[in-house]
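Welcome! Please take a moment to look over the sequence and the model before reading on.

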Amino acid sequence: MSVPALELQGLSKRYGEFTALHTVDLAIRPGEIFALLGPNGAGKTTMIGSVCGLVKKSSGSIRVFGKDLDQDPVGPRYDIGLVPQEINFDPFFTVAESLRIQLGFYGRPTDEARIDEVLTALNLHAKKDAYTRALSGGMKRRLLIAKALVHKPRLVFLDEPTAGVDVELRRDLWTYVRKLASEGTTIVLTTHYLEEAEELADRVGIINEGRLLMVEDKATLLRRFGERRVIITFEQPQPGLSEAGKRFAARLSEDGRTLTYVERDGCAPSGELLRALYAEGQLISDVETRRSRMEDVLIEILRGRPQQAA
Amino acid sequence: MNVLGMKTLLAKEVRRFMRVPGQTVLSPLISTTLYFIVFGVSMSNRVQTVEGLPYLHFIVPGLVFLGIANNAFLNSSSSLFITKIQGTVVDLLVAPLGPGELMAGFIGGAMVRGLVVGLLTWAVATFFTGFSLEHAGVAAYFLILSSYVFSVLGMLAAVWAEKFEQINFFPTFVMLPLTFLGGVFYSVRELPAPWNTVSLFNPMVYMVEGLRYGMLGRSLYSPLGAGSILFAVAVGATALTYAVLRSGYKMKA
């Protein structure tokens, strides 16, 4: 098995009486896109900050590509890039200068081709020689992302990277993140846009009140905790729930025209209900299915379903 | 050791203050020159000599020191403090820059500004007094080490401070009184008791006197003793700053 890109063992962070992280264990595989989800104050940024040198952990260990940060607190940081949650910029410098400085901080000589590549990918090339103070909020966010990526880190943390930015940047970033992952970069993403996690992530970790509640492949998570609503429309209104409807615990609308069946993991597949309805001679004009989204799954888990399911 | 990271931070710090030369170089140069004109030219009519030196000549080393100390301190303190306030400290903390690299970058940048202002002050003074450099090595030692010490202290202040008011605490309540009581404009030997004895505990006195020896060849104290005191202050401040940065005190959550 390959060395994890990031390995946390018993990671805890306490602020006086308050515990922000409770003995978190997590291993992130090289090259994967891992989404860390949870409500505000759940501990996402504290976890990322502990790895990136912004937060002093209280206990536990952190390994980046096998290197323990306690033994070498500086060396592993050559491989790390961080897009922080809060926008920051140094008003004294231009976009290009900021990126050259960033390259230097990571021990890399100036590489104009790399700077052009990152700026182009983030649709910021036209502002290359503009002072950072002259950029709009969305452009400053793009610059933050460019700064985190310009030195080609192997492990990138994106802490709410698309908060408050337009749809165009979000799409640009998603495309670029997929490209990075395809080239072997490991991405750890926190986001409030669950569509983003659903779109990008290979695996999802859900954290709340400093506890990592679960880590699961995205597809498995959606299947395990998600549900599919099958809405069947009849050609003629039904006087009441048929035998097939009762057997599958489906729900008939008040006007008798639609039957709704909620299909969860472990339930009978909706195809069986459809066959039973056909067998009863029901005439069906339309079948619509609606899958749960990540948002529904997250709410389910935060409400306590993981304990029941585990 | 991240040599390129360190050089990049140093170059960034120098470029940062060179982007606003009116504020960082010209303004302090004018202030120090005004001191020279107001105190020096007006007082020299009344006070002919101090410690065997013409008064106008006597105050030049102290004013050069004033320019170095103030600007070295202000550069490292304001630069690091603003970095904390505007959030760009994240760039420094995430990057592979240890305490040594951070110190070299911030202190180096601050030393350059302190020395630029100090040497320009000296250049202005030569218009009034002519050029005098009696012991070049001693002068260089005190110029460089004074700028170093105040750059380190500025960095310490920036780490500690959480508000703008706090960052102004050191220059206003510590540096200014110690500098003005440090023999810039008078000889501490001429102070009445017990202030002449109290002055012996002011490290600025030795820095000014050491520089005076290097530039004018006269000093109240032996340059070796003054130089040793300055060296001890530099070592202590360096060790403390390194330990503070390594601990993450007020830099990391």
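The report below walks through the chains, their contact, the cores and a few helices and residues.

## Chain A as a whole

Keep in mind from the start that this is a predicted model. A good place to begin is chain A, which holds 11 helices and 14 strands. Along the principal axes, the C-alpha atoms of chain A fill a box of roughly 75 × 45 × 40 Å.

Chain A has 310 residues, and 39% of them count as buried. Many of its contacts link distant parts of the sequence: among contacts in chain A between residues at least 6 apart in sequence, 71% join residues at least 24 apart.

## Where chain A touches chain B

How many residues does the contact take from chain A and from chain B? There are 25 residues from chain A and 21 residues from chain B. On the side of chain A, the elements that give two or more residues are α1 (44–52), β6 (80–83) and α2 (95–105) of chain A. Of these, α2(A) supplies the largest share, four residues. Sorted by class, the side of chain A that touches chain B has 13 nonpolar, seven polar and five charged residues.

One of those elements, α1(A), deserves a second look. This helix is mostly covered, with nine of its nine residues buried. Those buried residues are A:Lys44, A:Thr45, A:Thr46, A:Met47, A:Ile48, A:Gly49, A:Ser50, A:Val51 and A:Cys52. Just after α1(A) comes A:Gly53, which takes a positive phi of about 85°.

## The nonpolar cores

A general point helps here: in soluble globular proteins, nonpolar side chains tend to be buried together. In this model, the largest nonpolar core has 145 residues, and A:Ala146 and A:Leu189 touch the most other members. The largest share of this core, 15 residues, comes from α3(B).

To see one of these well-connected residues up close, find A:Leu189. Not counting residues up to four places away in sequence, A:Leu189 touches A:Ile33, A:Phe34, A:Ala35, A:Leu36, A:Leu158, A:Ala197, A:Leu200 and A:Ala201. Apart from the largest core lies another core, of nine residues, including A:Ala250, A:Leu252, A:Leu259 and A:Leu273.

## A residue to find in chain A

Now look for A:Ile145, which sits in helix α4 (residues 137–149) of chain A. Is A:Ile145 buried or exposed? It counts as buried because A:Ile145 has 25 C-beta neighbours inside 10 Å, where 20 or more are needed.

Leaving aside neighbours within four places in sequence, A:Ile145 is in contact with A:Val83, A:Leu122, A:Pro161 and A:Leu173. For a sense of scale, A:Ile145 and A:Lys179 are 34 residues apart in sequence, and their C-alpha atoms are 14 Å apart in space.

## Helix α3 of chain B and its partners

In chain B, helix α3 (residues 55–86) packs with helix α5 (residues 99–129) at an angle of about 155°, and the two axes are 7 Å apart. Angles over 145 degrees count as roughly antiparallel, so α3(B) and α5(B) are roughly antiparallel to each other. Their crossing is right-handed. The residues of this contact divide into 16 nonpolar, 11 polar and one charged.

With helix α6 (residues 136–160) of chain B, α3(B) packs at an angle of about 30°, and the axes are 7 Å apart. That angle makes α3(B) roughly parallel to α6(B). The crossing of α3(B) and α6(B) is right-handed. Among the residues that make the contact are B:Phe65, B:Ile68 and B:Asn75 of α3(B), together with B:Leu143, B:Phe150 and B:Gly154 of α6(B). By class, the contact of α3(B) with α6(B) has 15 nonpolar, seven polar and no charged residues.

## A residue to find in chain B

Finally, pick out B:Asn75 in helix α3 of chain B. Why does B:Asn75 count as buried? The reason is that 29 other C-beta atoms lie within 10 Å of B:Asn75, and 20 or more make a residue buried.

Which residues is B:Asn75 in contact with, leaving aside its neighbours within four places in sequence? They are B:Phe17, B:Gly109, B:Ala110, B:Arg113, B:Gly114 and B:Gly154. By C-alpha atoms, B:Asn75 and B:Ser219 are 29 Å apart in space, and they are 144 residues apart in sequence.

Technical notes: Residues are numbered from 1 along each chain as its sequence is written. Chains are lettered from A and ligands numbered from 1 in the order in which they are written. This is a predicted model: local features need pLDDT of at least 70, side-chain atom pairs count only at pLDDT 80 or more; totals for chains, interfaces and linings use all residues. Axes are lines fitted to C-alpha atoms, for helices over the stretch in contact, and angles run from 0 to 180 degrees between N-to-C directions. Angles under 35 degrees count as roughly parallel, over 145 as roughly antiparallel, 65 to 115 as roughly perpendicular and the rest as oblique. A crossing is left-handed if the near helix is turned anticlockwise from the far one by less than a right angle, and right-handed if clockwise. Ala, Val, Leu, Ile, Met, Phe, Trp, Tyr, Cys and Pro count as nonpolar, Asp, Glu, Lys and Arg as charged, and the others, Gly among them, as polar. Two residues are in contact if their C-beta atoms, placed from the backbone, lie within 7 Å. A nonpolar core is a set of buried Ala, Val, Leu, Ile, Met, Phe, Trp, Tyr and Cys residues joined through C-beta atoms within 7 Å. A residue is buried if 20 or more other C-beta atoms lie within 10 Å of its own, exposed if 12 or fewer, and partly exposed in between; C-beta atoms are placed from the backbone.
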